[in-house]
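Good morning, colleagues. Please take a moment with the sequence and the model on the screen, and I shall then take you through the fold, the aromatic pairs and a few further sites.

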Amino acid sequence: PKTHIINALSNAAFAATGAIERGLAAAVDIPLSRLQGRQVARFFQEVSAGAFGAISGIDEGVRAALRTFRDGITPAQASKWEFRRTAFPGVAGRIIRLPGTALEAADSLFYSINYRAELNSLIVRQARSERLTGAKLVERIADLKLNPTEKLIRQAAQAAEYRLYRQEPGKITKSFMSLREAVPGGRFILPFLRTPGNLLAAGLERSPFGLLNPSLWRNLAAKRPEASD
């Protein structure tokens, strides 16, 4: 229960910070874009768009969570549960895998919330970046909601995985994972590495240590919009 409570609270907290980060990104990018002489890349409208998307994703997330409980966990799913999940078939296996199933159900809920929030935000960003206003802006946003581009879908999916700490791990975490595989019984000694590694990385990115990231300064020097993320 403690693990599941922490997982749910961390997922909820990270999802909630999305709105704050979007607002801060716009607050930084608007004056920065003027100093750099480039087009604005982040907009305050993304905050409300993301919030609306998160709310609309709750229903979809609940249904996804219920399907996860119904169908169980499959090896094809991205998961925080790093053990093999098909070693025990049948009802006994479903019971044994119940803790992992519960983790995946919670992630299914928050994945939908994060995905819809990010997609809505990206749609507004795309439409505003095209310098549309008035009715044309509204029409463009509506069109992108009905027919989002592959790029928008991919970016939203990546953001949703990131906010669940399930993205591809960094080089250091991968090195530890490789070492674990090379040591007999390593998975039982260190059963979880990817999620803690991603969680630590996300925390460092939002701390003063994030200013030490060389890519931040390269982006600023190159006047790239990524610098305002």
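**Aromatic pairs, helix packing and surface**

I begin with a single residue: Y115 has a relative accessibility of 12%, and therefore counts as buried. Its neighbour in this account is Y111, which at 23% relative accessible area is partly exposed. Both tyrosines belong to helix α4, where four residues, about one turn of the helix, separate them. I shall return to this pair shortly.

First, the setting. Please bear in mind that this is a predicted model. The protein chain contains ten helices and zero strands, so its pattern along the sequence reads α-α-α-α-α-α-α-α-α-α. It has 229 residues, of which 37% count as buried. Among contacts with a separation of 6 or more, 73% are between residues 24 or more positions apart. The accessible surface of the chain is about 13,600 Å², and carbon and sulfur atoms contribute 67% of that area.

Now to the aromatic side chains. How many aromatic pairs does a search of the whole structure find? The search returns three. In one of them, F14 and Y165, the ring centres are 5.2 Å apart and the planes meet at 15°, so this pair is stacked. F14 sits in helix α1, residues 2-36, whereas Y165 is in the loop between α6 and α7 (171-182), so the pair ties together parts 151 residues apart in sequence. Are these two residues buried or exposed? F14 counts as buried because its relative accessibility is 7%, and Y165 counts as buried because its value is 8%.

The pair with which I opened, Y111 and Y115, is stacked as well, because the ring centres are 6.1 Å apart and the planes are at 10°. A cut-off helps here: planes under 30 degrees apart count as stacked. Ring pairs also join F14, Y162 and Y165 into a cluster.

Let me turn to helix α6, which spans residues 150-162. Its 13 residues reach 18 Å from the first C-alpha to the last, close to the 18 Å expected at 1.5 Å a residue. Which residues of α6 are buried? They are L152, A156, A159, A160 and E161. These buried residues pack against two helices, α4 (98-129) and α5 (134-146). Helix α4, then, is both a packing partner of α6 and the site of the Y111 and Y115 pair.

A further residue to consider is R42, in the loop between α1 and α2. Why does this arginine count as buried? R42 does so because its relative accessibility is 7%, and the threshold for burial is under 20%. The C-alpha of R42 is 7.8 Å from that of R22, although the two residues are 20 positions apart along the chain.

Finally, the surface. I55, I58, V62 and L66 make a nonpolar surface patch of about 380 Å². One of these residues, V62, is located in helix α2, residues 45-71. V62 counts as partly exposed because its relative accessibility is 39%.

To close, I would draw your attention again to the stacked pair of F14 and Y165, to the buried residues of α6 packed against α4 and α5, and to the nonpolar patch that includes V62. Thank you; I welcome your comments.

How values were computed
Residues are numbered from 1 along each chain as its sequence is written. This is a predicted model: local features need pLDDT of at least 70, side-chain atom pairs count only at pLDDT 80 or more; totals for chains, interfaces and linings use all residues. Side-chain values use heavy atoms; hydrogens and water are left out. Patches are made of residues with over 30% relative accessible area and no salt bridge: like charges are joined within 9 Å, nonpolar side chains (Val, Leu, Ile, Met, Phe, Trp, Tyr) within 5 Å. Accessible areas come from the Shrake-Rupley method with a 1.4 Å probe; for residues, only the protein chains shown count as cover. A salt bridge is a side-chain nitrogen of Lys or Arg within 4 Å of a carboxyl oxygen of Asp or Glu. Buried means under 20% relative accessible area, exposed over 50%, partly exposed in between (1.4 Å probe, protein chains only). The expected span of a helix is 1.5 Å times one less than its number of residues. Contact means heavy atoms within 4.5 Å. Rings of Phe, Tyr and Trp (its six-membered ring) pair if their centres lie within 6.5 Å; planes under 30 degrees apart count as stacked, over 60 as edge-to-face and the rest as tilted.
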